[in-house]
Amino acid sequence: MFDAKIIKYIKEPDSLQCGQSVLAMLTGKSVEEIIDVVGTERETKLKDMFDCLDKFAIEYDSERKQAFCKNDLPRVCILSLETPRCWHWSLYAGGVFYDPEHGVLDDFPKSNRKYYFEIK
């Protein structure tokens with residue numbers, strides 16, 4: 001079971017590195033190390049996210065589920081959010097939103113559609 005208490009917030013160094021920043025928070029690695037693992041410093045695809053989780057032996061549920069409010073979320077999950085500007089990766093752990101762009105939040109950043117992938 002993933003320990004939500006180990007999360008340390010990381011702000012995305014570049015507006016295209018939300019996925020790398022989420023993976024860095026989950027793995028305890030730097031964004032630069034994650035860029036090396038996923039092979040891109042630009043947008044990450046779902047396959048990139050899963051491949052990285054596999055590399056670091058972080059268990060997850062690959063089924064995409066929709067959330068409508070915070071109460072729909074499991075204890076730890078990667079969020080895929082349709083924000084006003086773009087699709088965006090974020091992290092939820094232990095009741096807190098760790099958003100690489102918007103900071104540490106009590107609720108979702110502004111988004112039209114919200115999906116998640118549970119981290120076990």
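This report walks through three helices of a predicted model and a few residues around them.

## Helix H1, wrapped up on its sides

Let's start with H1, which runs over residues 18-27. How many of its residues are buried? Ten of the ten are, so H1 is largely enclosed by the rest of the structure. Going along the helix, the buried residues are Cys18, Gly19, Gln20, Ser21, Val22, Leu23, Ala24, Met25, Leu26 and Thr27. To call a residue buried here, its relative accessible area has to be under 20%.

What does the covering? The elements over the buried residues of H1 include two helices, H2 and H3, along with the strands E2, E3 and E4 (96-99). Once H1 ends, the chain goes on to Gly28, which has a positive phi near 80°.

## H1 against H2

Next up is H2, made of residues 31-38. The axes of H1 and H2 come within 9 Å, and they cross at roughly 110°. That makes H1 roughly perpendicular to H2, since angles of 65 to 115 degrees count that way. If you like to think about handedness, H1 passes H2 in a right-handed crossing.

So who touches whom? On the H1 side you'll find Gln20, Ser21, Leu23, Ala24 and Thr27, and they meet Val31, Ile34, Ile35 and Val38 of H2. Sorted by class, the residues of this contact are six nonpolar and three polar, with no charged ones.

A handy bit of background goes with lists like this. An α-helix has 3.6 residues a turn, so residues three or four places apart point the same way.

## H1 against H3

H1 also has H3 as a partner, and H3 spans residues 46-55. Here the axes come within 11 Å and cross at roughly 20°. H1 and H3 are therefore roughly parallel to each other, a label used for angles under 35 degrees. This crossing is right-handed too: that is how H1 passes H3.

The residues that meet are Gly19, Val22, Leu23 and Leu26 from H1, with Met49, Cys52 and Leu53 from H3. The class count for this contact is six nonpolar, one polar and no charged residues. Leu23 is worth a second look, as it appears in the contact with H2 and again in the contact with H3.

## H2 against H3

That leaves the pairing of H2 with H3. Their axes lie 10 Å apart, and the packing angle is about 105°. That makes H2 roughly perpendicular to H3. The contact is built from Ile34, Val37 and Val38 of H2, together with Asp48, Cys52 and Lys55 of H3. By class, you get four nonpolar and two charged residues here, with no polar ones.

Which residues of H3 are buried? They are Asp48, Met49, Phe50, Cys52 and Leu53. Those buried residues pack against H1 and H2, and also against three strands: E2 (76-82), E3 (87-93) and E6 (113-118).

## After H3: Ala57

Just after H3 the chain reaches Ala57, with a positive phi of about 55°. Ala57 isn't a glycine, yet its phi is positive. You can find Ala57 in the loop between H3 and strand E1 (65-66). Is Ala57 buried or exposed? Its relative accessible area is 66%, so Ala57 is exposed, the mark for that being over 50%.

## Two buried residues: Gln17 and His88

Gln17 sits in the segment before H1. With a relative accessible area of 8%, Gln17 is buried. Setting aside neighbours within four places in sequence, Gln17 is in contact with Glu12, Val31, Ile35 and Glu41. Gln17 and Trp89 are 72 residues apart along the chain, but their C-alpha atoms are separated by 8.9 Å.

His88 belongs to strand E3. At 3% relative accessibility, His88 counts as buried. What does its side chain make a polar contact with? The partner is the side chain of Asp99, at 2.8 Å. Apart from neighbours within four places in sequence, His88 also has a list of contacts that includes Glu12, Cys18, Leu79 and Pro100. Glu12 turns up for Gln17 and for His88, so keep an eye on Glu12 when you turn the model around.

How values were computed:
Residues numbered from 1 in each chain as written. Predicted model: local features only at pLDDT ≥ 70, side-chain atom pairs only at ≥ 80, totals over all residues. Heavy atoms only, no water. Axes fitted to C-alpha atoms, helices over the stretch in contact; angles between N-to-C directions. Helix = DSSP H or I, 4+ residues; strand = E, 2+ residues; numbered from the N terminus. Parallel < 35°, antiparallel > 145°, perpendicular 65-115°, else oblique. Left-handed = near helix turned anticlockwise from the far one by under 90°. Contact = heavy atoms within 4.5 Å. Nonpolar A, V, L, I, M, F, W, Y, C, P; charged D, E, K, R; others polar. Buried < 20%, exposed > 50% of the residue type's maximum accessible area, 1.4 Å probe, protein only. Polar contact = N/O pair within 3.5 Å; in protein donor to acceptor, adjacent residues only side chain to side chain.
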